[in-house]
Amino acid sequence: MSEELPTGPKESPPAPRAAPREVWKKGGRLLSVLLAVNVLLLAGTFVSGGAFNKVAVYDTDVFALLTAMMLLAVLWILFYLLRTVRCPDTDAVPYRDAHAGPIWLRGGLVLFGICTLIMDVFKTGYYSSSFECQSAIKILYPLTQAVFVIVQTYFLCISAKDCVHSHLDLTRCGLMFTLTTNLAIWMAAVVDESVHQAHSLSSPHGNTSHTRLALELQRAGSPVGEDCSCNTAICQIFQQGYFYLYPFNIEYSLFASTMLYVMWKNVGRLLASSTRGHSHTPSLLSLFRETFFAGPILGLMLFVVGLAVFIIYEVQVNGERGHTQQALVMYYIFNIICLGLMTLVSLSGSVIYRFDRRAMDHRKNPTRSLDMALLVGAALGQYAISYYSIVAAVAGTPRELLAGLSLAHALLVIAQHTFQNVFIIESLHRLPPGAEPHSTPPKEPCHGLTFASLDTLHTLPACPPTPRLVGPSPAGPQGAGSITLAPRGHWRYRCLKDISLFLLLCNIILWIMPAFGARPHFSNTVEVDFYGYSLWAAIVNICLPFGIFYRMHAASSLLEVYMLS
């Protein structure tokens, strides 16, 4: 006679902070994605149409649409905060993702948000200085954007780790709409800056190729407020100030979009633990501890030299033809040296990983998956520009020094992006020193099961026969017990920290140059003469923003690599 467990009231063991399961998760995600796609296409139509004179869509229409989108997003964020912060529900946020919203990502969001607020102040002052000929929506837009930035930054800083389990479809749609609003603001800023760059080329100090390019673009684009003259000194300060702050606004929108996407992926997600994190993460105060100082010193040297090259380039590029060519040669030589060193250093990091016996982390991590997708996707912009430059340099005539430098620069850009992505992605998949691989938990919890025999429990495929901790046994998965980890101060980890800091500083200087106006693509006439002004301008204006975003996102990923090495 089989031994049975005592029968009684069949009560399931309570699951702490358990949330109700969704009937169909993909249906809610599909609904929110369709909403985002339609809103984004509508905003893209207005933004692209408002950039051309011959289209009957005015900049005031674009500002009105973006203002309405930001106000709706602010209302939803306030509703979310009141539901989860002021009136917390025990089932609203049962889990928090320890990997989402790291401190350096939130710090960058706050920094770029502050710069965006300064830009909004300059915009308000610029439009207010010519209030007689400006529409009221142009003054309302920067004020609304300032409110949107403040509310959204606070929301992301305190809620980026949330795994929401209430009002799932409404939360997904709200997050996707807010993400779409940031992308629409990003598109408007990129288009406005591109049109401004094209018109700045037609200044009296521009060279011949600049002037021809600007005249052709001027038939299509028009800067904001062209009908209003800006003659006073304070007006010109406001105008130049907010254009120089556009790169920070662009990066803020992209940073916020990535954090909102991770929150969207975490809606309805079940986690084994809501507080588990990396206790091994070093303090920010010990940034250069456990390094050989070679990487930080060499990176700082290239950073300072890069700033000097950028300043000289900006001063000389609009001068005489001889000075322009000297500035271009200096710019290309610095970039070739910097890219070559970054390529070799990235290769060295990949070689070091061949001797590293740390286990790979294969656990589900939406933040890491998004980082890898953004690194690969954003690199496509620089890949496209580089391949166009290679074709123009090889097939174009005549052969000259700038064509050779452009060809070498394009080849090194492709190599550097490829090897740096390989290094970063492999680094993000490595378990930190001292961390042991975790056993994979079952996909579905075993709460609520009632059985009459112990033999029945062993036949269930989704549940372990006895809940116990898995120790480092040689028979365990992947031979975890046979892995011998080096101490944290080992030379391999010191080299990896030096490599990550060197690449971080190099990516920052390579972000500063194009983000603040360096456009050798137009000063160097190799591509312009080969493809024509309109086609080459379209290629650069579409692909370059992705390249700029790649540099900043690579810098944030390399900071995470440093913290985990």
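Biologist: What makes Asp169 and Arg172 a salt bridge?

Modeller: This is a predicted model, and in it the side chains of Asp169 and Arg172 come to 3.9 Å, N to O. The cut-off is a side-chain nitrogen of Lys or Arg within 4 Å of a carboxyl oxygen of Asp or Glu, so the pair counts as a salt bridge.

Biologist: Why are Asp169 and Arg172 about one helical turn apart?

Modeller: Both sit in helix H5 (residues 168-200), and they are 3 residues apart. An α-helix has 3.6 residues a turn, so residues three or four places apart point the same way.

Biologist: And how do you know which of the two is buried and which is partly exposed?

Modeller: Buried means under 20% relative accessible area, and exposed means over 50%. Arg172 has 0%, so Arg172 is buried. Asp169 has 39%, which falls between the two limits, so Asp169 is called partly exposed.

Biologist: How many salt bridges are there by this rule?

Modeller: The count comes to 3. One of them joins Lys138 and Asp59, with the closest N and O atoms 3.0 Å apart.

Biologist: What makes you say that the Lys138 and Asp59 pair links distant parts of the chain?

Modeller: Look at where the partners sit: Lys138 is in helix H4 (residues 136-159) and Asp59 is in helix H2 (residues 59-86), 79 residues apart. As for cover, Lys138 has a relative accessible area of 6%, so Lys138 is buried. Asp59, at 22%, is over the 20% limit but not over 50%, so Asp59 is partly exposed.

Biologist: Why does the pair Glu426 and Arg354 count as a salt bridge?

Modeller: The N to O distance is 2.5 Å, and the limit is 4 Å; so the pair qualifies. This pair also links distant parts of the chain, with Glu426 in helix H12 (residues 401-428) and Arg354 in helix H10 (residues 321-354), 72 residues apart.

Biologist: Are Glu426 and Arg354 buried or exposed?

Modeller: One of each. Glu426 has 14%, under the 20% limit, so Glu426 is buried. Arg354 has 53%, over the 50% limit, so Arg354 is exposed.

Biologist: Let's move to helix H8. How do you know that its span is close to the expected one?

Modeller: H8 (residues 246-266) has 21 residues and reaches 31 Å from its first C-alpha to its last. The expected span is 1.5 Å times one less than the number of residues, which gives 30 Å here, so the two values are close.

Biologist: What makes H8 "mostly covered"?

Modeller: Of its 21 residues, 19 are buried. Asn249 is found in H8, and at 3% relative accessibility Asn249 is under the 20% limit, so Asn249 counts as buried.

Biologist: What does Asn249 touch?

Modeller: Leaving aside neighbours within four places in sequence, Asn249 is in contact with Thr116, Met119, Gln145, Ile185 and Ala189. Thr116 belongs to helix H3 (residues 103-129). Thr116 also touches Gln145, Val149, Phe248 and Tyr252, again not counting residues up to four places away.

Biologist: Why is Thr116 called buried?

Modeller: Its relative accessible area is 0%, under the 20% limit, so Thr116 is buried.

Biologist: Why do you say that the largest nonpolar core lies between domain 1 and domain 2?

Modeller: Domain 1 (25-201 + 231-269) and domain 2 (285-432 + 489-564) both give residues to this core, so it lies between them. The core has 138 residues, and those with the most contacts inside it are Phe155, Phe423 and Trp511. Helix H17 (residues 533-564) gives the most, with 17 residues.

Biologist: Which residues does Phe155 touch?

Modeller: Among them are Trp76, Tyr80, Leu175, Leu260 and Met263, not counting residues up to four places away in sequence.

Biologist: One more. Why does Tyr383 count as buried?

Modeller: At 17% relative accessibility, Tyr383 is under the 20% limit, so Tyr383 counts as buried. Tyr383 is found in helix H11 (residues 366-395), and its contacts beyond four places in sequence are Ile414, His417 and Thr418. The C-alpha atoms of Tyr383 and Cys543 are separated by 8.8 Å, with their positions 160 residues apart along the chain.

Note on methods. Residues numbered from 1 in each chain as written. Predicted model: local features only at pLDDT ≥ 70, side-chain atom pairs only at ≥ 80, totals over all residues. Heavy atoms only, no water. Helix = DSSP H or I, 4+ residues; strand = E, 2+ residues; numbered from the N terminus. Buried < 20%, exposed > 50% of the residue type's maximum accessible area, 1.4 Å probe, protein only. Core = buried A, V, L, I, M, F, W, Y, C linked by side-chain atoms within 4.5 Å. Domains from an automatic or database assignment. Contact = heavy atoms within 4.5 Å.
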